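Reader: Got a minute to go through this one with me? I'd like to hop around a bit.
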Amino acid sequence: MKTCHPASLTRIRIIGAASGIGAQDRACEDGPVAFHRSQAWHELEHHPLIDWGKTLFAPQGDHASITGRISALCRNLADEVALALRASEFPVVIGGDHSVAIGTWSGVARAIAEPIGLLWIDAHLDSHTPETSYSGAIHGMPLACLLGRGDKRLLNIGLEGTQISSAHTVVLGPRSYEPEELEFLQRMQVRIIDGDEIHRRGFAACLDEAIAIVASAPAGFGVTLDLDAIDPRLAPGVGSPEPDGLVVHDAVEAMRRIGGLPGLKALEIVEYNPDRDRHGTTAGLISDLIGELLPPGSDR
C-alpha cells in the first residue's frame, strides 16, 4: 500500500480532535477550533499542500461514561487518519487532550498493518493505567494504551494488541511523572530521555539518539508533541504546564530534522489550551511546526 511521507508530500490533511474530557482542565477541547480560527492558521490555510479535513468531537450523552466517549472519538479519529494515509495524504492531528493519541496512532497502525515507531515529546510519561492513575484522567494513559495496557475499551482500535513498537518508541523531555509509569515503560523497554538527561547531554545529542531509535522501525514512525514539553513561559497555551521545559528553537529544529525523513507517517500536536495562550504565541508555534513539513522553498 502506498503511503505519503513529507519527502514526497502530496498533501497535508489537518484533522482536529476536540477532546477535553480526558483531562482535568477541559479547555483543551476548544483548542482545535480556536486554532482553526486563529491568525496563525490563516497564514497557512491558502497553501496548496494543506487542507483542513474534519474536526471531530467526543459524542455527547448524559449516560455515556467518559471512557466510552473517548473510545468513540478515538475510533472515529483512527478512521480519519487511516483514510488520509490510504489517500496518500499526510495526517496532522491537532488536539485536544492527549487521550486522542490512542486514536491517531491506532489509525496509523491500521493503515500500515503493523506497529510503528513513535517519538513521544512530552513533559509527562502518559503511561498510567486505571489501576495506577492518581487522578483518573485518561490523558495520562494513552501511551500505555498504545502499548496494550489499559481499559479494554481503549485497546485494539487499530490492530489487535500493541499499536506501536516499544523497541522503537522514545519519550523525550519528561520532567513530571510517577514511579508506576516509569516502571511500566522501563519494563516495556521504552527509551526515556528525561529533562535532566537533556540538560546534561544537550538537546541535539538526545534528539539524534531519539531519531535513530524511532526511525529504525521497519514500518515507519510518527511524532506526537504535547505542547507542555515546551517551557510554559514560551508556550503558555497548554493544558498541564510544567516549568523548565524545552525552548521553542529546539522544538522547531526537531520538526525541521524529522520532517524530511522518509519513514515519517503522521504528526500530532496536542494539549493546546487557548484560554491560557497569550497574544496567539502558542497558536503561532503550532503553525510554525506544521510549516516545517512543507517542502523547502514552498510558498507559505
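Reader: Let's start with Ser88: is it buried or exposed?
Author: Ser88 is buried, with a relative accessible area of 13%. Keep in mind that this is a predicted model.
Reader: And where is Ser88 found?
Author: Ser88 is in the loop between α3 (66-86) and β3. Its phi is positive, about 60 degrees, although Ser88 is not a glycine.
Reader: What about Gln189, what's its phi?
Author: Phi of Gln189 is near 65 degrees, a positive value, and Gln189 is a residue other than glycine. Gln189 is found in the loop between α6 (179-187) and β6.
Reader: Gln189, buried or exposed?
Author: Exposed, with a relative accessible area of 66%.
Reader: OK, on to the sheet. What's the strand order?
Author: Eight strands make an open sheet, in the order β2-β1-β3-β8-β7-β4-β5-β6, and the pairing is parallel.
Reader: Which strands stand at the edges?
Author: β2 (50-57) and β6 (191-193). Each has a single partner strand, so one side of each has no neighbour in the sheet.
Reader: How are neighbouring strands turned against each other?
Author: By 15 degrees on average, direction ignored.
Reader: How many bridges join β7 to β8?
Author: Six bridges join β7 (residues 221-226) to β8 (residues 264-270), and the two strands run parallel. One pairing to look at is Leu225, whose bridge partner in β8 is Ile269.
Reader: Which strands does α4 lie across?
Author: α4 lies across β3 (90-95), β4 (116-121), β7 and β8, and runs at about 170 degrees to β8. Then there's α8, which packs on the sheet and touches β4, β5 (164-172), β6 and β7. The direction of α8 makes about 165 degrees with that of β5.
Reader: Back to α4 for a sec. What is Thr104 in contact with?
Author: Thr104 sits in α4, which covers residues 101-112. Leaving aside neighbours within four places in sequence, Thr104 contacts Leu77, Val81, Val93 and Glu268. Thr104 is also buried, with a relative accessible area of 1%.
Reader: Now the core. How many residues has the largest nonpolar one?
Author: The largest nonpolar core has 50 residues, and Phe35 and Ile290 are those with the most contacts inside it. Helix α8 (residues 203-215) gives the largest share of this core, seven residues. Another core, of 45 residues, lies apart from it, with Val93, Trp120, Ile138 and Leu154 among its members.
Reader: What does Phe35 touch?
Author: Not counting residues up to four places away in sequence, Phe35 touches Ala40, Trp41, Trp52, Ile94, Tyr272, Ala283, Ile286, Ser287 and Ile290. Phe35 counts as buried, at 0% relative accessibility.
Reader: How about Ala283 from that list, where is it found?
Author: Ala283 is in helix α10 (residues 281-291). Ala283 is buried too, with a relative accessible area of 3%. Besides Phe35, Ala283 touches Ser38, Ala40, Tyr272 and Asp277, again not counting residues up to four places away in sequence.
Reader: Switching to aromatics: how many pairs does the structure hold?
Author: Three aromatic pairs. Phe35 and Trp52 form one that is tilted, 6.2 Å centre to centre with 35 degrees between the planes. That pair links distant parts of the chain, with Phe35 in helix α1 (residues 31-36) and Trp52 in strand β2, 17 residues apart.
Reader: Is Trp52 buried or exposed?
Author: Buried, with a relative accessible area of 11%. Ring pairs also link Phe35, Trp41 and Trp52 into a cluster.
Reader: Last topic, cysteines. How many disulfides are there?
Author: The structure holds zero disulfides.
Reader: Why is Cys28 not in a bond?
Author: Because the closest cysteine sulfur, in Cys74, is 14 Å from the sulfur of Cys28, too far for a bond. Cys28 is buried, with a relative accessible area of 0%.
Reader: And which cysteine sulfur is nearest to Cys74?
Author: That of Cys145, 8.5 Å away, and Cys74 is in no disulfide. Cys74 counts as buried as well, at 1% relative accessibility.

Definitions and conventions. Residues numbered from 1 in each chain as written. Predicted model: local features only at pLDDT ≥ 70, side-chain atom pairs only at ≥ 80, totals over all residues. Heavy atoms only, no water. Helix = DSSP H or I, 4+ residues; strand = E, 2+ residues; numbered from the N terminus. Buried < 20%, exposed > 50% of the residue type's maximum accessible area, 1.4 Å probe, protein only. Contact = heavy atoms within 4.5 Å. Core = buried A, V, L, I, M, F, W, Y, C linked by side-chain atoms within 4.5 Å. Pairing = 2+ DSSP bridges. Axes fitted to C-alpha atoms, helices over the stretch in contact; angles between N-to-C directions. Disulfide = S-S within 2.5 Å. Phe/Tyr/Trp six-rings, centres within 6.5 Å; stacked < 30°, edge-to-face > 60°.
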